[in-house]
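Colleague: I would like a close look at a single part of this model, followed by a connected account of the elements that you would read alongside it. Please take your time over it.

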Amino acid sequence: AVAEEKKVQPVAVAYKPVTATEVKVNISEPTRAQAAAATMADGVGLLRIEHMILGLGKTPGYYIRSGRSEEYVDELVKNIKIVADAFYPKPVWVRTLDAPTDEFRAMEGGENEPVEHNPMLGWRGIRRDLTEVDHFRLEVRAFKKLHELGLTNVGIMLPMVQHVSELKRAKEIMREEGLDLNKIDVGIMVETPAAALTIEDFIEEGLDFISFGTNDLTQYTLAVDRNNENVANLYSEMHPAVIKLIEYVVERCKKAGVKTSICGQAGSYPEMARRLVQIGIDSISANIDAVATVRETVARAELSILLEAARNR
Ligand code: PEP
Ligand code: MG
């Protein structure tokens, strides 16, 4: 019995490899903030706000038309704050609203949504922000309030950008609303081939970071609907054209000191994660349940790059 007691007991060791490439987490629901923070991720590479807004049951336009804009801003602040608090001072990149119009239709106020033949190529993301400017201003006011509350880790990420003029106009509106762009990080999602191929224009205009939205970048580069099972076999983020666009953007951003990241699903695929580490991306942002695995993959990829370099000296 004594010998039995002295047996070494296995101990659970929490092991977190240190990586030069940051590993971040994607969040869609503020209720998941604590679970996301528990992954010890280096920040939030994508906070989607669609669920928060769809959860309100009323379209942003409904709030504006019924004179309840402040209530809408407060809802945004309340929800984003939960995540920003959980990660402070690590960066939390919040994406402005990017819901296709069909998703709003069932909500109160949804009857005012345009009926679009192809919502994925339609009025969403920055396109909507810059034509429904009243709404964009409310989002910007929420960001301003969060910074006034001391949550200086909150950055703004603009989705579906395809021309530098969109970034320029968005920044003008932010300044008009009193945001100090020296104190808040602003970046774009690279999810159209147009944004990737003209990245130098965006760099020249000024931005703090880019993040690859490979879910969309792949569908727009390959002309393959990401939700169409008939062509699902043609959908691959590892297609050489997608990889070339990524390489092109990372190379130019590196030279200019603009941070690069990925928040599309592909960042969680080992083959892609290894490739991104080789290309020299600054961070990979993955879903909560994938963070630990991505960290392992990244650590191994970094180690093998170092070993190879040492052996080839
Ligand atoms: C993407 O396009 O890769 C992305 C992260 O955005 P979403 O999946 O929300 O379109
Ligand atoms: Mg997208």
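Between which helix and which strand is the loop in which Met40 lies?

Modeller: This is a predicted model, and in it Met40 lies in the loop between helix 2 (33–37) and strand 2 (44–47). The backbone at Met40 deserves a look, for its phi is near 60°, which is a positive value in a residue other than glycine. Another loop with a backbone feature to inspect is the one between helix 5 (69–87) and strand 3 (92–95), where Pro89 lies; the peptide bond that leads from Tyr88 into Pro89 is cis, with omega near 5°.

Strand 2 and strand 3, which follow those two loops, both belong to a barrel that 8 strands close in the order 1-2-3-4-5-6-7-8, with parallel pairing. From one strand to the next, the twist averages 30°. Strands of a sheet pair through backbone hydrogen bonds, and the pairing can be either parallel or antiparallel. One pair in this barrel can be followed in detail: strand 5 (residues 186–190) and strand 6 (residues 209–212) run parallel and are joined by 4 bridges, and Ile188 has Ile210 of strand 6 as its bridge partner.

Ligand 1 is surrounded by Leu46, Arg48, Glu191, Gly213, Thr214, Asn215, Asp216, Cys263 and Gly264. By class, this shell holds 2 nonpolar, 4 polar and 3 charged residues, and the element that gives the most to it is helix 11 (residues 214–222), with 3 residues.

Helix 11 also packs against helix 12 (residues 240–256), their axes coming within 9 Å and crossing at roughly 120°. Because of that angle, helix 11 counts as oblique to helix 12, and the crossing of the two is right-handed. On the helix 11 side the contact is made by Thr214, Leu217, Thr218, Thr221 and Leu222, and on the helix 12 side by Ala241, Val242 and Leu245. These residues divide into 5 nonpolar, 3 polar and no charged. Thr214 therefore needs to be read twice, since it is listed in the shell around ligand 1 and in the contact with helix 12.

A further helix pair can be described in the same terms. Helix 13 (residues 270–279) and helix 14 (residues 291–311) pack with their axes 9 Å apart, at an angle of about 45°, so these helices are oblique to each other. Their crossing is right-handed. Helix 13 brings Pro270, Ala273, Arg274, Val277 and Gln278 to the contact, while helix 14 brings Val294, Thr297, Val298, Ala301, Glu302 and Ile305. By class, the residues of this contact divide into 7 nonpolar, 2 polar and 2 charged.

Definitions and conventions. Residues are numbered from 1 along each chain as its sequence is written. Chains are lettered from A and ligands numbered from 1 in the order in which they are written. This is a predicted model: local features need pLDDT of at least 70, side-chain atom pairs count only at pLDDT 80 or more; totals for chains, interfaces and linings use all residues. A residue is near a molecule or strand if its C-beta atom, placed from the backbone, lies within 6 Å of it. Ala, Val, Leu, Ile, Met, Phe, Trp, Tyr, Cys and Pro count as nonpolar, Asp, Glu, Lys and Arg as charged, and the others, Gly among them, as polar. Axes are lines fitted to C-alpha atoms, for helices over the stretch in contact, and angles run from 0 to 180 degrees between N-to-C directions. Angles under 35 degrees count as roughly parallel, over 145 as roughly antiparallel, 65 to 115 as roughly perpendicular and the rest as oblique. A crossing is left-handed if the near helix is turned anticlockwise from the far one by less than a right angle, and right-handed if clockwise. Two residues are in contact if their C-beta atoms, placed from the backbone, lie within 7 Å. Two strands pair if DSSP finds at least two bridges between them.
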